[in-house]
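The following note is intended for a colleague who is meeting this structure for the first time. Please read the numbered points alongside the sequence and the model.

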Amino acid sequence: MADFKTLDDLPEDLSGKRALVRVDLNLPMAEGRATDLTRARAVAPTILELAGRGAKVLLLAHFGRPKGERHSTLSMSYVQGAIEEVLDKEVMFIPEVAGPVAAQAVDILGPGDIGLMENTRFWPGEEANDPEFAKAIAANGDFYVNDAFSAAHRAHATTEGLAHLLPAYAGRAMQKELEALDAALGTPNPPVAAVVGGAKVSTKLAVLENLVTKVQHLIIGGGMANTFLAANGVDVGKSLCEHDLTDTARAILDAADKADCTVHLPYDVVVAKEFAANPPSLRTCNVHEVAADEMILDVGPQAVEALGDVLKTCRTVVWNGPLGAFETPPFDEATVALARTAAALTQDGSLTSVAGGGDTVAALAHAGVADDVTYISTAGGAFLEWMEGKELPGVAALSA
Ligand code: ADP
Ligand code: MG
């Protein structure tokens with residue numbers, strides 16, 4: 001595992017020490033109010049621990065896409081109330097990230113106090129990873145904590161640059177995420193299965209190419225399975241299918257073969273003539289029996305049962321992408337069934353299960369198993385880049 005320091009490597013007593021803490025507070029908003037506090041809750045343990053140990057906690061985060069300019073509608077002050085609610089503590093809003101106003105505010109804060117700095121992306125130096133900008137921010141800190149895994153695939157001043165200027169530590173959320181990801185693909189218990197689904201092969205090519213070299217079982221579902229089926233000569237009717245990528249799909253199947261990775265494609269499927277909830281044309285059939293005017297919208301029940309049996313032989317599963325068009329019933333059934341099998345095996349202690357991706361998180365929540373898998377990453381882009389086997393700059397900088 002990448003070798004990084006955590007809050008355990010800091011002295012217990014941090015009285016008056018200035019902690020610059022990068023967090024993800026990019027909360028979804030409607031009419032100026034946060035509609036979901038998940039991200040704020042995720043970073044609360046780090047903030048409360050540092051404050052509890054006496055540090056002056058200075059929160060750095062981005063909000064929306066202001067593109068290097070001040071936008072009053074994207075001020076961090078909009079999330080101040082949400083973070084106060086989650087922490088059940090007062091938080092001081094600081095309308096700068098560096099310079100005399102920031103320094104003065106940091107001075108006013110006492111040990112255990114929390115300050116929320118302005119949107120880091122108001123300054124072009126953030127996304128440019130400008131060393132001078134990072135230096136100006138670092139002037140107000142004694143050490144740096146990164147608790148924003150979801151931003152770790154970006155080499156920005158507050159996600160990467162600061163780690164080179166101050167002693168750098170992973171926060172508790174970052175630590176948990178890195179430990180879970182390591183258990184899933186870094187140094188996992190074999191056999192390892194990967195479930196990859198979702199709409200398109202094109203968005204997950206690099207993921208598939210990386211996984212075939214790392215896992216023993218690659219389970220392909222969702223719309224992207226259609227492209228693989230087509231590559232195998234199956235007529236997928238009017239299913240979502242990237243016909244221009246069948247050669248690429250073929251190459252991935254060959255690479256899997258060479259790496260002793262077994263690829264599991266559905267052999268029965270749920271089809272319909274129109275994409276609607278419970279359509280009259282709904283039926284289940286063998287993949288070779290899809291009619292020209294039908295589309296595949298979910299993996300079939302027999303295939304799902306066989307996939308469950310595959311998971312029973314595995315010690316680790318990493319999952320990204322739903323097996324079917326799960327937002328529309330009954331095309332959620334395969335995803336829900338396999339998710340419940342993975343959750344039950346996890347609860348039995350025989351499987352480590354790690355999942356991530358926007359729609360995957362929603363699908364697992366829909367299946368009612370969000371709390372029964374080992375770890376769910378809400379990190380989106382960073383999670384996918386990690387699935388691609390890429391080194392994330394924000395993580396690498398913590399280990400330097
Ligand atoms: P994630 O956000 O977890 O990475 P994706 O965005 O790649 O997942 O894919 C999710 C989308 O794929 C969902 O909107 C789902 O409806 C769609 N999808 C899954 N299977 C099919 C299918 N057979 N046909 C069309 N769309 C599908
Ligand atoms: Mg998605």
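1. In this predicted model, Asn129 sits in the loop that connects helix H4 (124-128) with helix H5 (131-138). Although Asn129 is not a glycine, its phi is positive, at about 50°. The residue is partly exposed, with a relative accessible area of 21%.

2. Glu31 also merits inspection: its phi is near 50°, a positive value in a residue other than glycine. Glu31 belongs to the loop between strand E2 (29-30) and strand E3 (33-34). With a relative accessible area of 84%, Glu31 is exposed.

3. Two cis peptide bonds should be checked by eye, one between Pro190 and Pro191 and one between Pro329 and Pro330. For the bond joining Pro190 and Pro191, omega is about -5°; Pro191 lies in the loop between helix H6 (172-186) and strand E9 (192-196). For the bond joining Pro329 and Pro330, omega is about 5°, and Pro330 is located in the loop between strand E15 (316-320) and helix H11 (333-348).

4. Strand E6 (residues 114-117) is covered on both faces. Ile114 and Leu116 are buried on one side, and Gly115 and Met117 are buried on the other.

5. Which strands pair with E6? Strand E4 (residues 56-60) does so in the parallel sense over 3 bridges, with Val57 opposite Ile114 of E6. Strand E5 (residues 92-94) also runs parallel to E6 and is joined to it by 3 bridges; here Ile94 stands opposite Met117. Together with helix H3 (residues 99-108), strands E5 and E6 form a right-handed β-α-β unit.

6. Ligand 1 is surrounded by 18 residues, of which the closest are Ala199, Lys204, Glu327, Asp359 and Thr360. The residues of this shell comprise 6 nonpolar, 9 polar and 3 charged. Helix H8 (222-231), strand E14 (295-299) and helix H12 (358-366) each contribute at least two residues to the shell, and the largest share, 3 residues, comes from H12.

7. Several side chains place polar atoms close to oxygen atoms of ligand 1. An N or O atom in the side chain of Thr360 is 2.4 Å from a ligand oxygen, and for Asp359 the corresponding distance is 2.8 Å. A polar side-chain atom of Asn320 lies 3.2 Å from an oxygen atom of ligand 1. Taken alone, ligand 1 exposes 580 Å², and the protein buries 82% of that area.

Terms used
Residues numbered from 1 in each chain as written. Chains lettered and ligands numbered in written order. Predicted model: local features only at pLDDT ≥ 70, side-chain atom pairs only at ≥ 80, totals over all residues. Heavy atoms only, no water. Buried < 20%, exposed > 50% of the residue type's maximum accessible area, 1.4 Å probe, protein only. Helix = DSSP H or I, 4+ residues; strand = E, 2+ residues; numbered from the N terminus. Pairing = 2+ DSSP bridges. Right-handed = clockwise from strand over helix to strand, strands pointing away. Near = heavy atom within 4 Å. Polar contact = N/O pair within 3.5 Å; in protein donor to acceptor, adjacent residues only side chain to side chain. Areas by Shrake-Rupley, 256 points an atom, 1.4 Å probe, with all protein chains shown as cover. Nonpolar A, V, L, I, M, F, W, Y, C, P; charged D, E, K, R; others polar.
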